[in-house]
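Work through these exercises with the sequence and the 3D view side by side. Try each task before you read its solution.

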Amino acid sequence: MTTHTRQAIVAGNWKMNFGPRQAATFATEIVPLLGALTEHYTQVLAVLCPPAISLPAVRQVLDANPFPRIELGAQNLYYQEKGAYTGELAPSMVAELCTTVIIGHSERRMYFHETDELVNQKVLAALKHGLRPIVCVGENEQQYDAGQTSEIVRSQVNKGLANLPQESLQQVVIAYEPIWAIGTGKAATMEQAGKVIQEIRETFATLHSNEAALALPILYGGSVTRENISEFMQHPEIDGALVGGASLKTDFVELLRQTIQAKI
Ligand code: PEP
């Protein structure tokens, strides 16, 4: 299997950083640089995921600098179409501004009690509205130490990505993010991440089809930096990165550059 058949994606999860003004300033700085890198490569995609309140500000910057392979993503949505859900974002609202949405990030699972079942409802709602869900899975440190990684991750994939419509499978992206590696500076090794990602692909193949699994972009996330990204990208199973801390700096441009260098 070669990665050349799959899209390479570098997504920046800004988490709860950069309100509208700061987000616009930062996007104005990096979008032309990202655009120049992606211009000649159809197989690469950069996604910026600011906080919900900053989505319109970043959308404006992207509209003023239209590069087809720089996209906007939300960090969350709700699965209901509309109604009395104070503070939530309907999928159709997200789809007005974004192409992509992060779903089931470990911080949402941990602090906002999102279950695999809720993740599944959100994924289905995102797909229904033509959004590309980046579905996060990963084990915590205790589970890692107990050797339960495969079991946990397989179960998250089986439950979170169940019952997907056949015609939407090509829109799905998974990010393997071991929780112990997120924001800790303690990244997984390329071998560890590659092995789990291979298992995720096998699980997705059993759940859906071999063909869909072979086409599925699977990203690694967890303390990715300009120093370690090229190693991760050497692995044929790892199709890109979901990046937190390093996506808040111009380092993000360097992460994309190294991904293009490794994958294309
Ligand atoms: C993340 O938030 O998804 C993430 C991987 O964060 P960091 O890169 O900071 O570890």
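Buried means under 20% relative accessible area, exposed means over 50%, and partly exposed lies in between. Keep these cut-offs at hand. One more point before you start: the model is predicted.

**Exercise 1. A salt bridge between strands**

Task: Find the partner of R132 in a salt bridge, then decide whether each of the two residues is buried or exposed.

Solution.
- Step 1. The partner is E71. The closest N and O atoms of the pair are 2.8 Å apart.
- Step 2. Place both residues. R132 belongs to strand β5 (residues 132–137) and E71 to strand β3 (residues 70–74), so the salt bridge ties together parts that are 61 residues apart in sequence.
- Step 3. Check E71. Its relative accessibility is 13%, so E71 counts as buried.
- Step 4. Check R132. Its relative accessible area is 15%, so R132 is buried.

Background: side chains of opposite charge can pair when their charged atoms come close.

**Exercise 2. Further salt bridges**

Task: State how many salt bridges a search of the whole structure finds. Then describe the pairs of E114 and D251.

Solution.
- Step 1. The search finds 15 salt bridges.
- Step 2. E114 pairs with R108, and their closest N and O atoms are 2.7 Å apart. E114 has a relative accessible area of 7%, so this residue is buried.
- Step 3. D251 pairs with R226, with 3.5 Å between the closest N and O atoms.
- Step 4. D251 sits in helix α11 (residues 251–263), and R226 in the loop between β7 (218–221) and α10 (229–234), so the pair ties together parts 25 residues apart in sequence.
- Step 5. Compare each value with the cut-offs. D251 has 15% relative accessibility and so counts as buried. R226 has a relative accessible area of 36%, so R226 is partly exposed.
- Step 6. Look for shared partners. Salt bridges join R6, R201, E237 and D239 into one network.

**Exercise 3. The contacts of R6**

Task: Locate R6, classify its accessibility, and name polar contacts of its side chain.

Solution.
- Step 1. R6 is placed in the segment before β1.
- Step 2. Its relative accessibility is 3%, so R6 counts as buried.
- Step 3. One contact runs to a backbone. A polar side-chain atom of R6 is 2.8 Å from the backbone oxygen of L214.
- Step 4. Another runs to a side chain. R6 makes a polar contact of 2.8 Å with the side chain of D239.

**Exercise 4. Around the ligand**

Task: Say how many residues surround the ligand, and give examples of its polar neighbours with distances.

Solution.
- Step 1. The ligand is surrounded by 14 residues. K15, E177, G183, S223 and G244 are the closest.
- Step 2. Sort the shell by type. Four residues are nonpolar, eight are polar and two are charged.
- Step 3. Start with a side chain. A polar side-chain atom of E177 is 2.6 Å from a ligand oxygen atom.
- Step 4. Now the backbone. A polar backbone atom of S223 lies 2.7 Å from an oxygen atom of the ligand. For G244, a backbone N or O atom is 2.8 Å from an oxygen atom of the ligand.
- Step 5. Turn to area. Taken alone, the ligand exposes 300 Å², and the protein buries 95% of that.

**Exercise 5. Two positive phi angles**

Task: F18 and N163 each have a positive phi. Which loop holds each one, and is it buried or exposed?

Solution.
- Step 1. F18 has a phi near 75 degrees and is not a glycine. This residue lies in the loop between β1 (8–13) and α1 (20–38).
- Step 2. F18 has a relative accessible area of 18%, so it is buried.
- Step 3. N163, also not a glycine, has a phi of about 55 degrees. The loop between α7 (149–160) and β6 (173–176) holds N163.
- Step 4. N163 has 65% relative accessibility, so it counts as exposed.

**Exercise 6. Surface and interior**

Task: Describe the nonpolar surface patch that includes M110, then describe I238.

Solution.
- Step 1. The patch consists of M110, Y111 and F112, with about 360 Å² of accessible area together.
- Step 2. M110 is in helix α4 (residues 106–111). Its relative accessibility is 45%, so M110 counts as partly exposed.
- Step 3. I238 is in the loop between α10 and β8 (240–243). Its relative accessible area is 0%, so I238 is buried.
- Step 4. Find A8. The C-alpha atoms of I238 and A8 are separated by 8.7 Å, although the two residues are 230 residues apart along the chain.

Notes:
Residues numbered from 1 in each chain as written. Predicted model: local features only at pLDDT ≥ 70, side-chain atom pairs only at ≥ 80, totals over all residues. Heavy atoms only, no water. Near = heavy atom within 4 Å. Polar contact = N/O pair within 3.5 Å; in protein donor to acceptor, adjacent residues only side chain to side chain. Areas by Shrake-Rupley, 256 points an atom, 1.4 Å probe, with all protein chains shown as cover. Nonpolar A, V, L, I, M, F, W, Y, C, P; charged D, E, K, R; others polar. Patch = residues over 30% accessible without salt bridge, like charges linked within 9 Å, V, L, I, M, F, W, Y side chains within 5 Å. Salt bridge = Lys/Arg side-chain N within 4 Å of Asp/Glu carboxyl O. Helix = DSSP H or I, 4+ residues; strand = E, 2+ residues; numbered from the N terminus. Buried < 20%, exposed > 50% of the residue type's maximum accessible area, 1.4 Å probe, protein only.
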